[in-house]
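Reader: Could you take me through one part of this model, the nonpolar patch on the surface, and what surrounds it?

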Amino acid sequence: MTHYKSDDTYAHPELTDIISPDEARPGLLRQFANGLGGLVVLMLTGLVLIVMVFWKSP
């Protein structure tokens, strides 16, 4: 994404119209899978922290 000053709006207008292939919008299934994957990673991290705290507690 191209950023430039607001008073310089006509400097490079063609650069804002270009969308590269890696910036394509993911589908609904991909977004859902990414959300579930992130949730699983966070839950596992929390579980590891809880186990470590209980293991080290007297």
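Author: Of the chain's 58 residues, 0% count as buried, meaning under 20% relative accessible area, with exposed over 50% and partly exposed in between (1.4 Å probe, protein chains only). This is a predicted model, where local features need pLDDT of at least 70, side-chain atom pairs count only at pLDDT 80 or more, and totals for chains, interfaces and linings use all residues. Residues are numbered from 1 along each chain as its sequence is written, and side-chain values use heavy atoms, without hydrogens and water.

The chain has 1 helix and 0 strands (DSSP runs of H or I with at least four residues, and of E with at least two). That helix, α1, covers residues 28–56 and includes L36, which is partly exposed at 41% relative accessible area. Happily for your question, L36 joins F32, L39 and M43 in the nonpolar surface patch, together offering about 430 Å² of accessible area. Patch members have over 30% relative accessible area and no salt bridge (Lys or Arg side-chain nitrogen within 4 Å of an Asp or Glu carboxyl oxygen); nonpolar side chains are joined within 5 Å, like charges within 9 Å.

Conventions: Areas by Shrake-Rupley, 256 points an atom, 1.4 Å probe, with all protein chains shown as cover.
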